[in-house]
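Here's a friendly walk through a structure you may not have met before. Have a look at it first, and then we'll go through it piece by piece.

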Amino acid sequence: MRYGRKASARAAVKALRAFVDGNKWRQRKGRYVPLHYIHGITGVRGYDVIVVGAGPGGSTAALTAAEAGMKVLVLERSRYPAEKNAGGFALSSKAWRDFPFITGLELPSMRKGTQCVAHFLSPPPEMEERFCIASGPSGRMSYPEAREFFTVTMLRREFDRFLADKAEEAGAEVKFTSLVTGLAKDADNIAGVLLEGGDEYRAPVVIGADGVMSQTARLAGLRDKWRPDEVISACAVDYSASRERLDDVVHEANFQAYFGPGMGGNYLMCYADCVHIGGPGVTNSLISRVSRTRIKPARELLETIQAPPVQRLLRAVDAVPREFHVHCVPWKDSMSDDVCAGGLMLVGDAAGLPEPLWAEGVWQAMYSGRLAAQVAREAIGEDDVSAASLARYLDRLRESPVAREFVGGAQLRRLFEVLGDPRAAGEMTEMMVDLTVNMFMSGQEPKAQTVARAVPILMENLPVLMKLLGIYVPMIQEAGGELPPQLAALGGMGALFGAAGGEEPQR
Amino acid sequence: MSARKKAGEVDRFALSEVIPATRDFIRLDGERCTGCGDCAVVCPMDLWELRGEKAVLAGDYKEKCTECGSCFIACEEDAIDFSYPPGGTGVVFKFS
Ligand SMILES: Cc1cc2nc3c(=O)[nH]c(=O)nc-3n(C[C@H](O)[C@H](O)[C@H](O)COP(=O)(O)OP(=O)(O)OC[C@H]3O[C@@H](n4cnc5c(N)ncnc54)[C@H](O)[C@@H]3O)c2cc1C
Ligand code: SF4
Ligand code: SF4
């Protein structure tokens, strides 16, 4: 039963609660005293864990907590899972390594990705294919799933629904159409949430899984918002498409990227019977960069979708545009510290966890959600949910594979800056064309003549090669990898060549 | 180059659905606004414009806004306050 049906009852409850809250006997140095009997009197419902947001982070946290026997409430502002989450997604094979419950998962929109394709286009207005790499998984990957496939693409509305249902089956209560607008506090700790309309729910631990614009982070005073250089404003277009055509034309090359001068890495994701094209590349949709270049991300995406190879592919699969998506994603080069407070832990995008290359964030949300639920369980068991106690969540996160994705983060971000930079991207594309054609592919001239060009090609492209070395060498060093001294020295010199040629287009 | 037609024109507005919010969820503090225009550049739905030296939010933003929050992040003067519309209202993505 929830309180607040009648104004008089509400006033009485408020008075009783004020009396209860005002009494210091309930707290001992920020420690939680179970309040079930008080909840019984006041009608304020008590839980062990309240999760704000039913995205992958929130539902995985709720599932883990419910399976551990805790009483869990999930509050989600939308009417159904993923109603507010744009863009569809590719789930990396890491998720099959780490979450046994998705083994064998089959969803109608799924398409397996045993190939990845990167297209490098000529500059606008032509935007024609100049170079293309298609690759299968590498045999050197450290776990079996990664040697078999890259990702599985699927629609969020199906995957988020699957996770929310799983949490519910495990015993969590999931309420939709419920916007959290406030946090309840007990002395030093957060002790519950308030919904718009006044309903209040209490729990010793709140897990903020409310995404990139996290209100829980804000209400807890952890941060107001991410900085403009930490957020990308990503747009995508959803197209319905023919399943048979997709099977023939793209098969299992479910993830394709389009690079080119002025086209910093649009992605094309193919599902069972639809296609998403998103962009305009991670760097070009970085909000601080948009402010500098004055190039509107939505317009840039819609212009680059017109690239002839993209249009040919869309026609080949009978694609018809169906929906326009926009959503922000945190894109940070290092992990944040501000992810917990007394009674509160932030997970997924609310904690800024998407990795610093492609801003992949679903596996990160799931991983952190599970960690937060495990810490909640321990802390509640120890009867201590203070900030000091929950700080172990940050420690666990720092020891986890989620943190390892941030090693070399600054360099990873610079890699995309190079790929998104019109001059550097053009030079790199032409270098790859020259090397491939002259060394392997051409029957146009005698082989000995073309192969001999490799050296001049490399010499001419020394600046761009040094730029790449300036990114990769520090990354390898940061990862603790062994490097021959000559290469390390070259990398140090490469760093002098700067990231992206310092050039930014103006329109 | 192929003379064939484009694979469907993308009309952002025709391709998005919004259940209008019953209250405001974006607020502008005109005192703080310096007229830099960053909100207008980043907004995917063109809902901000500069009039004189100040940003102005479209009167019908509740019918078009995608709740992306890009304007809120872009504004370094903290002139824009952004929250979410009431539960169950606002943008609807069916194929995300
Ligand atoms: C276009 C695009 C493409 C992407 N592609 C990929 C990809 O291919 N692979 C990948 O791994 N990641 C991808 N990402 C990133 C990924 O979407 C996020 O990292 C991921 O959704 C984070 O999950 P989360 O659970 O932390 O947050 P979210 O999925 O954002 O979930 C947060 C939930 O909280 C709810 N909520 C927010 N505020 C409140 C409130 N006050 N009260 C109640 N509920 C609230 C929201 O409605 C939402 O359901 C992509 C992102 C975009 C925008
Ligand atoms: S970004 Fe902020 S300061 Fe700049 S015009 Fe918009 S509201 Fe004004
Ligand atoms: S939230 Fe997004 S769509 Fe809405 S006004 Fe701001 S930038 Fe535009």
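## Chain A in broad strokes

The accessible surface of chain A adds up to about 20,000 Å², with 56% of it belonging to carbon and sulfur atoms. Accessible areas here come from the Shrake-Rupley method with a 1.4 Å probe, and for residues only the protein chains shown count as cover. Of the 507 residues in chain A, 60% are buried. "Buried" is under 20% relative accessible area, "exposed" is over 50%, and "partly exposed" is in between (1.4 Å probe, protein chains only).

Before going on: this is a predicted model, in which local features need pLDDT of at least 70, side-chain atom pairs count only at pLDDT 80 or more, and totals for chains, interfaces and linings use all residues. Residues are numbered from 1 along each chain as its sequence is written, chains are lettered from A and ligands numbered from 1 in the order in which they are written, and side-chain values use heavy atoms, leaving out hydrogens and water.

## Folding and contacts

Chain A has 20 helices and 20 strands. These are DSSP runs numbered from the N terminus: helices are H or I with at least four residues, strands are E with at least two. Among the contacts in chain A with a separation of 6 or more, 74% are between residues 24 or more positions apart. A contact means heavy atoms within 4.5 Å.

For a close-up, try T60(A), which sits in helix α3 (residues 56–67) of chain A. T60(A) has a relative accessible area of 1%, so it is buried. Setting aside neighbours within four places in sequence, T60(A) touches F99(A), L163(A), M366(A) and R370(A).

## A nonpolar patch

Now for the outside. M439(A), F440(A) and M441(A) make a nonpolar patch on the surface, together offering about 370 Å² of accessible area. Patches take residues with over 30% relative accessible area and no salt bridge, joining like charges within 9 Å and nonpolar side chains (Val, Leu, Ile, Met, Phe, Trp, Tyr) within 5 Å. M441(A) belongs to helix α16 (residues 422–441) of chain A, and it counts as exposed because its relative accessibility is 60%.

## Salt bridges

Side chains of opposite charge can pair when their charged atoms come close. Over all chains, the whole structure has 40 salt bridges, each one a side-chain nitrogen of Lys or Arg within 4 Å of a carboxyl oxygen of Asp or Glu. Take K94(A) and E360(A), whose closest N and O atoms are 3.1 Å apart. This pair links distant parts of the chain, with K94(A) in helix α4 (residues 94–98) and E360(A) in the loop between β20 (344–346) and α12 (362–381), 266 residues apart. Both K94(A) and E360(A) are buried.

Chain B has a pair to look at too: D24(B) bridges to K62(B), with the closest N and O atoms 3.7 Å apart. D24(B) is in the loop between β1 (17–19) and β2 (26–28) of chain B and K62(B) in the loop between β4 (54–57) and α2 (70–74) of chain B, so the bridge ties together parts 38 residues apart in sequence. D24(B) is partly exposed at 35% relative accessibility, and K62(B) is partly exposed at 23%.

## Around the ligands

Which residues come nearest to ligand 2? Of the 14 residues around it, they are C33(B), C36(B), G37(B), C39(B) and C75(B). A residue is near a molecule or strand if one of its heavy atoms lies within 4 Å of it. The shell of ligand 2 splits into nine nonpolar, three polar and two charged residues. Here Ala, Val, Leu, Ile, Met, Phe, Trp, Tyr, Cys and Pro count as nonpolar, Asp, Glu, Lys and Arg as charged, and the others, Gly among them, as polar.

Ligand 3 has residues of chain B around it, including C43(B), C65(B), C68(B) and C71(B). Its shell divides into nine nonpolar, three polar and no charged residues.

## Backbone oddities

Most residues other than glycine have a negative phi, and most peptide bonds are trans. A cis peptide bond joins P124(A) and P125(A), with omega about 10 degrees. P125(A) is in the loop between β6 (116–121) and β7 (129–135) of chain A. Another cis bond joins G279(A) and P280(A), again with omega about 10 degrees.

T177(A) is not a glycine, yet it has a positive phi of about 55 degrees. In chain B, D78(B) has a positive phi near 55 degrees, and its place is in the loop between α2 and β5 (80–82).
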